[in-house]
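Thank you all for coming; I would like to spend a few minutes walking through one model with you. Please have the sequence and the structure open while I talk.

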Amino acid sequence: MKNQQVVIRLLNLSADNGGAVSGTAIGEALGISRMAVQKRVQTLITNGLPITAVPGRGYALAQGVNLLSDEKIARHLSSELCESIEVLQSIESTNSHLLSQEILNGRAKICVAESQSAGRGRRGNDWQSAPYRNVMLSLSWGFDHWPETITGLGLAVSLVLTRIVNERYGLDVKIKWPNDLMVGVDKLAGILIDVAGESSGSCNVVVGIGLNVHQPDWSPKSSAYRWVDMQSLVSEEIDRNELIGLVVHGLSGMFADFARLGFSPMVEAWNELSSYRGKRIRVGSPDEYVEGVMIGVDGVGALLISDHDNILHRFVDSNVSVRLLESQRVESVSAKDES
């Protein structure tokens, strides 16, 4: 793994300078033969790193690839609430990794990975993402007592993330309850929250974020949803290190405020970004569900829906299924295809 890190660092430096790094330079840095260099590079390519061979010059990263760096992330992170930033080349799950570590009260630990083999989404689903192209980020935070609402915490995370991508990159992202980021009917990002602790004591939280940044040629093994990436929506090249720094800065400040104020101050802002507010939706399971108009969310992040008898229903469990009724889905897809 150390040898891989050296190769990646050299590739990163050459990319910053718009060039390639020779096999000889890599071999000298590692003290290995050219043949051994080829094996190291091939291993990285197999893991998903888009390296190209440049005749007469060596190896280079494919155009548009910027590797993650803890130092570069830190440059964009002006928060004293972040304790550490860990950048991994591959891991099963960034959330599981942070859950196995000490979680600090009022301080954030960050783990980002270039690839995940067992990324998790909500409701037991997998989170699949092209390696070395996207954001797979987890942040841990300890509360000295349980927040009033864990559901609201997930909504607060989605609000922070949506505001950042909209304001920094000029996007028009909305939020599907509880915390999926959507562009039209396509999914841009998902959020998973793991919680541990005693109900009468402290509470440890790990927030996982999967954000599609750039995966133009990637096809997942299986997917229950349509997806979109940020790079297809903007003209500038997105720097993942900057994006992660902005997200960590925003989340750290929000967590500190959430410990004191909860979700209530964010209700209006979240409702304004809701993708289904004022639309007819179905909430529940295939066997037991409620249909009606989404009113919005309340002070703890519960979903409010008014049925055809004007009876108000309230859903707190973030694992329930929420679906736009088919007639409106068809209209939304048609409008998107025509634009």
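Before I begin, one term: when I say that two strands pair, I mean that DSSP finds at least two bridges between them. Please also keep in mind that this is a predicted model, and that residues are numbered from 1 along the chain.

With that term in hand, let me start towards the end of the chain, where strand E11, residues 289–297, pairs with E12 in the antiparallel sense over four bridges, and where Val293 stands opposite Ser306 in E12. The hairpin of E11 and E12 has five residues between the strands, and within it Gly301 takes a positive phi near 90°. On its way onward, E12 is joined by four bridges to strand E13, residues 312–315, again in an antiparallel run, with Leu304 of E12 standing opposite Arg314 in E13.

What, then, covers or leaves open the two faces of strand E12? Both faces of this strand, residues 303–306, are covered, since Leu303 and Ile305 on one side are buried, as are Leu304 and Ser306 on the other.

The hairpin of E12 and E13 also has five residues between its strands, and there Asn310 takes a positive phi near 65°, in a residue other than glycine. Is Asn310 buried or exposed? Asn310 is exposed, with a relative accessible area of 67%. A second residue of this kind is Tyr132, which has a positive phi of about 65° although it is not a glycine, and which sits in the loop between E4 and E5. Tyr132, however, is buried, with a relative accessible area of 2%. As background, most residues other than glycine have a negative phi, and most peptide bonds are trans. On the second of those points, I would ask you to look at the peptide bond from Trp177 to Pro178, which is cis, with omega near 5°; Pro178 is placed in the loop between E6 and E7.

Let me step back to the chain as a whole. There are nine helices and 14 strands in it, and of its 339 residues, 53% count as buried. Among contacts between residues at least 6 apart in sequence, 65% join residues at least 24 apart. The accessible surface comes to about 16100 Å², of which 47% belongs to carbon and sulfur atoms.

Now to the sheet. Seven strands form an open sheet, in the order E3-E4-E5-E9-E8-E7-E6, and the pairing is mixed. Strand E3, residues 82–88, and strand E6, residues 174–176, stand at the edges with a single partner strand each, so one side of each is left without a neighbour in the sheet. From one strand to the next, the twist averages 20°. Within this sheet, strand E8, residues 186–197, and strand E9, residues 203–211, run antiparallel and are joined by nine bridges, and Ile191 stands opposite Ile209 in E9.

Two helices deserve attention here. H6 lies across E5, E6, E7, E8 and E9, running at about 140° to E8. Helix H7, residues 240–261, packs on the sheet and touches E3, E4, E5 and E9, its direction making about 20° with that of E5.

That brings me to the interior. The largest nonpolar core has 69 residues, and those with the most contacts inside it are Trp177, Ile209, Leu211, Leu243, Met254 and Phe255. Which helix gives the most to this core? Helix H6, residues 150–169, does so, with ten residues. To take one residue as an example, Leu243 touches Val135, Ile164, Val165, Tyr169, Leu211, Val213, Met230 and Ile238, leaving aside residues up to four places away in sequence. Apart from that core lies another, of 19 residues, including Val7, Leu11, Ile26 and Val41.

Finally, a few single residues that you may want to find on the screen. Cys82 is buried, with a relative accessible area of 14%, and Cys203 is buried at 0%. If we ask for a pair of cysteine sulfur atoms within 2.5 Å, the count of disulfides comes to zero. Ser69 is found in the loop between strand E2 and helix H4; Ser69 is buried, with a relative accessible area of 15%, and it touches Val87 and Asn241, again leaving aside residues up to four places away in sequence.

Key:
This is a predicted model: local features need pLDDT of at least 70, side-chain atom pairs count only at pLDDT 80 or more; totals for chains, interfaces and linings use all residues. Side-chain values use heavy atoms; hydrogens and water are left out. A nonpolar core is a set of buried Ala, Val, Leu, Ile, Met, Phe, Trp, Tyr and Cys residues joined through side-chain atoms within 4.5 Å. Buried means under 20% relative accessible area, exposed over 50%, partly exposed in between (1.4 Å probe, protein chains only). Contact means heavy atoms within 4.5 Å. Accessible areas come from the Shrake-Rupley method with a 1.4 Å probe; for residues, only the protein chains shown count as cover. Axes are lines fitted to C-alpha atoms, for helices over the stretch in contact, and angles run from 0 to 180 degrees between N-to-C directions.
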